[in-house]
Amino acid sequence: MWVQLYKEVKDGIFQSRPNRFIAHVLVDGKEEVCHVKNTGRCRELLVPGAKVTLSVSDNPSRKTKYDLVAVWKGDTYINMDSQAPNHAAGEALWHLIPGAKQVKGEVAHGESRLDFCVETDTETWFVEVKGVTLEKEGHALFPDAPTERGIKHLNTLIRCVEEGYKAAALFVIQMKGIHSFSPNDTMHPAFGDALREAAANGVEIWAYDCRVTETGMEIDQPVQVKL
């Protein structure tokens, strides 16, 4: 199901990113300081001259009027809002897990907080969601920066399986045109090892592409997982 994420958007031209949190973007010929809704590196996306989409805030107390939420990489339109995958997953899990009766977000389990707990008549699922914006020639990769937190979540999912629950890591690829997904062993080999260990211990590994528009996103088709 398509989820509306933004009420009003503007087009812009990316100029620079002084730090993880802000970007300088040309909007209607004027340079604006924008909040970047993704603290990842995104170096292959945010290059000078790239066409970007900004959501417009109606909060007068904010320091910045705009949030940078999407970017064109060649002919591929990529949502890069780190909050978008969870919003989309909250709708999609009703369909991805047959017989879902309850989808609850932000659930504590052990020493971790996992993104979702899904209840059916016979099973309890714990699901951790990871947004994916890095692709190379149609192959999606995660992460684009080292993530010890991601490893911690995978270890928690393994414990969930050991305790008799169902568990899944859901990689939401925030674009179309993707044929496969793998862990980014070059960037963070320990995460790749942890993902393979999770799969070997009964954690399901799911990857889906997304239909992306300027104002929203929808989890769409399954993508082949290559571990």
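In this predicted model, Glu-32 lies in strand E4, which spans residues 30–36. The briefing starts from that residue, then covers the open sheet, the helices, the two largest pockets and some backbone details. The sheet has 7 strands, and the largest pocket holds about 660 Å³ of space.

**Glu-32 and its surroundings**

- Leaving aside residues up to four places away in sequence, Glu-32 touches Ala-23, His-24, Val-25, Val-27 and Tyr-66.
- Glu-32 and Thr-64 are 32 residues apart along the chain, and their C-alpha atoms are separated by 8.4 Å.

**The open sheet**

- The strand order is E1-E16-E15-E13-E10-E9-E8, and the pairing is mixed.
- Strand E1 (3–4) and E8 are the edge strands, each pairing on one side only.
- Helix H2 packs on this sheet and touches E8, E9, E10 and strand E13 (166–173). The direction of H2 makes about 45° with that of E9.
- In a regular strand, side chains alternate between the two faces of the sheet.

**Strand E9 and its two neighbours**

- Strand E9 covers residues 112–119, and 6 of its 8 residues are buried, so the strand is largely enclosed by the rest of the structure. The cut-off for buried is a relative accessible area under 20%.
- On one side, E9 runs antiparallel to strand E8 (residues 102–109), and 7 bridges join the two. His-109 stands opposite Ser-112 in this pairing.
- E8 and E9 form a hairpin with 2 residues between them. Gly-110, in the turn, has a positive phi of about 65°.
- E9 is also joined to E10 by 4 bridges, again in an antiparallel arrangement. Across this pairing, Phe-116 stands opposite Val-127, and Cys-117 stands opposite Phe-126.
- The hairpin that joins E9 to E10 passes through 4 residues.

**Helix H1**

- Ala-92 lies in helix H1. Its relative accessible area is 6%, so Ala-92 counts as buried.
- The C-alpha atoms of Ala-92 and Trp-2 are separated by 8.9 Å, although these residues are 90 places apart along the chain.

**The largest pocket**

- About 660 Å³ of space lies in this pocket. It is lined by 27 residues, of which Ser-82, Lys-130, Gly-131, Phe-142 and Arg-149 are the closest to its centre.
- Four elements are listed as giving two or more residues to the lining: helix H1 (84–96), strand E10 (124–132), strand E12 (139–142) and helix H2 (148–162).
- E10 supplies the largest share of the lining, with 5 residues.
- By class, the lining has 9 nonpolar, 10 polar and 8 charged residues.
- Rolling a probe the size of a water molecule over the atoms shows where empty space is left.

**The second largest pocket**

- This pocket holds about 220 Å³ of space.
- Its lining consists of Leu-5, Tyr-6, Lys-7, Glu-8, Lys-37, Ser-55, Val-56, Ser-57, Asp-58, Arg-62 and Asp-67.
- The class counts for this lining are 3 nonpolar, 2 polar and 6 charged residues.

**Backbone details**

- Most residues other than glycine have a negative phi, and most peptide bonds are trans.
- Glu-106 is not a glycine, yet has a positive phi of about 55°. Glu-106 lies in strand E8, and at 46% relative accessibility it counts as partly exposed.
- Glu-137 also has a positive phi of about 55° without being a glycine. Glu-137 lies in the loop between strand E11 (134–136) and E12. With a relative accessible area of 78%, Glu-137 is exposed, the cut-off for that class being over 50%.
- The peptide bond from Phe-142 to Pro-143 is cis, with omega near 0°. Pro-143 is found in the loop between E12 and H2, while Phe-142 is among the residues closest to the centre of the largest pocket.

Conventions:
Residues numbered from 1 in each chain as written. Predicted model: local features only at pLDDT ≥ 70, side-chain atom pairs only at ≥ 80, totals over all residues. Heavy atoms only, no water. 1 Å grid on protein atoms, 1.4 Å probe; cavity = no way out; pocket = protein on both sides within 12 Å on 5 of 7 lines; lining within 4 Å. Points joined across faces, edges and corners; volume = space filled by probe spheres on them. Nonpolar A, V, L, I, M, F, W, Y, C, P; charged D, E, K, R; others polar. Buried < 20%, exposed > 50% of the residue type's maximum accessible area, 1.4 Å probe, protein only. Pairing = 2+ DSSP bridges. Contact = heavy atoms within 4.5 Å. Axes fitted to C-alpha atoms, helices over the stretch in contact; angles between N-to-C directions.
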